[in-house]
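Work through the exercises below with the coordinates loaded. Try each task before reading its solution.

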Amino acid sequence: EILMAYHSPADAVRFWVGPEGKKQDVTLNSIAIEIKTSMSGSPNKIKISSLDQLDRTGDSLFLLHITASPSTNDVGFSLESLYEKFMGAMSGDLNTETLFSHKISKFYGKASKGQLNDKLAIYSVNLFHVRDDFPKIRRGDIKGIADAEYSIYTAGLEGFDVTEHMEDIIRNG
């Protein structure tokens, strides 16, 4: 939805490379974006699930942190409503619909009815610039470790927050 605010549905689906096994979730021209979501009860940490997720492959890498909370009223969205919205936006573009369906199938097809229909409300969205001095562990930083998961405290990320420039970053890639 964030990508489609600035790019065509076809480009947004093409930019979404996470399901293809790439290091980050989105590649947008010369930048990459790793997307992490936390529930409102634990927004003080961002869980990084591999040594490759914060390893820059292009000119710039960004970490998009979305904090959500369950919603019992009409505020928010469900995975089902997002899916329907995206399919509607791509209406008539069979190639894009097919590519999107292929990419989402391993996630959407495994979701329970509750996971598809439970509503979430976005509490916050922050974009962080993953510079050389960003707190991270990368494969090249350590020897002999096959894989690792770790968490980053959000309180230490103020100096990397570029949320106010998110529109320009995503629009121009």
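The exercises cover strands, a pocket, salt bridges and burial.

This is a predicted model, in which local features need pLDDT of at least 70 and side-chain atom pairs count only at pLDDT 80 or more, while totals for chains, interfaces and linings use all residues. Residues are numbered from 1 along each chain as its sequence is written, and side-chain values use heavy atoms, with hydrogens and water left out.

**Exercise 1. The open sheet**

Task: work out the strand order of the open sheet of four strands, and its edges.

Solution.
- Step 1. Assign the elements: helices (H or I, at least four residues) and strands (E, at least two) are DSSP runs, numbered from the N terminus.
- Step 2. Find the pairs: two strands pair if DSSP finds at least two bridges between them.
- Step 3. Read off the order. The open sheet runs E1-E2-E4-E5, with mixed pairing.
- Step 4. Mark the edges. Strand E1 (26-28) and strand E5 (119-129) each pair on one side only.
- Step 5. Take the angle. Neighbouring strands of this sheet are turned by 25° against each other on average, direction ignored. Axes here are lines fitted to C-alpha atoms, for helices over the stretch in contact, and angles run from 0 to 180 degrees between N-to-C directions.
- Step 6. Look at one pairing. Strand E2 (residues 31-39) and strand E4 (residues 60-71) run parallel and are joined by nine bridges.

**Exercise 2. One lysine in the sheet**

Task: place Lys36 and state whether Lys36 is buried or exposed.

Solution.
- Step 1. Lys36 belongs to strand E2.
- Step 2. The bridge partner of Lys36 in E4 is His65.
- Step 3. Apply the cut-offs: buried means under 20% relative accessible area, exposed over 50%, partly exposed in between (1.4 Å probe, protein chains only).
- Step 4. Lys36 has 11% relative accessibility, so Lys36 counts as buried.

**Exercise 3. Two alternating strands**

Task: decide which side chains of E3 and E6 are buried.

Solution.
- Step 1. Recall the pattern. In a regular strand the side chains alternate between the two faces of the sheet.
- Step 2. Take E3. Ile46 and Ile48 point to one face and are buried. Lys45 and Lys47 point to the other and are not buried.
- Step 3. Take strand E6 (residues 150-153). Tyr150 and Ile152 are buried on one face, while Ser151 and Tyr153 point to the other and are not buried.
- Step 4. Combine the strands. E3 and E6 pair in the antiparallel sense over four bridges.
- Step 5. Match the residues. Ile46 has Ile152 as its bridge partner in E6, and Lys45 stands opposite Tyr153.

**Exercise 4. The largest pocket**

Task: describe the volume and lining of the largest pocket.

Solution.
- Step 1. Fix the rule. On a 1 Å grid over the protein atoms alone, a pocket is an open set of points where a 1.4 Å probe fits, with protein on both sides within 12 Å along at least five of seven lines; lining residues have an atom within 4 Å of a point.
- Step 2. Take the volume. The largest pocket holds about 1,400 Å³ of space. Grid points are joined across faces, edges and corners, and the volume is the space filled by probe spheres set on the points.
- Step 3. List the lining. Of the 37 lining residues, the closest to the centre are Trp16, Ile35, Leu79, Leu82 and Phe86.
- Step 4. Sort by class. The lining has 30 nonpolar, three polar and four charged residues. Ala, Val, Leu, Ile, Met, Phe, Trp, Tyr, Cys and Pro count as nonpolar, Asp, Glu, Lys and Arg as charged, and the others, Gly among them, as polar.
- Step 5. Trace the elements. Those supplying at least two lining residues each include helix H2 (79-89), helix H3 (94-108) and E5.

**Exercise 5. Salt bridges**

Task: count the salt bridges and say which parts of the chain Glu20 and Lys103 tie together.

Solution.
- Step 1. Apply the rule: a side-chain nitrogen of Lys or Arg within 4 Å of a carboxyl oxygen of Asp or Glu. The count comes to eleven salt bridges.
- Step 2. Take Glu20 and Lys103. Their closest N and O atoms are 2.9 Å apart. Glu20 lies in the loop between H1 and E1 and Lys103 in helix H3, so the pair ties together parts 83 residues apart in sequence.
- Step 3. Check burial. Glu20 is partly exposed at 44%, whereas Lys103 is buried at 4%.
- Step 4. Take Lys23 and Asp55. Their closest N and O atoms are 3.3 Å apart. Lys23 sits in the loop between H1 and E1, and Asp55 in the loop between strand E3 (45-48) and E4, 32 residues apart.
- Step 5. Take Arg171 and Glu167. Their salt bridge is 2.2 Å, N to O. Both residues lie in helix H5 (residues 166-172), four residues apart, about one turn of the helix.
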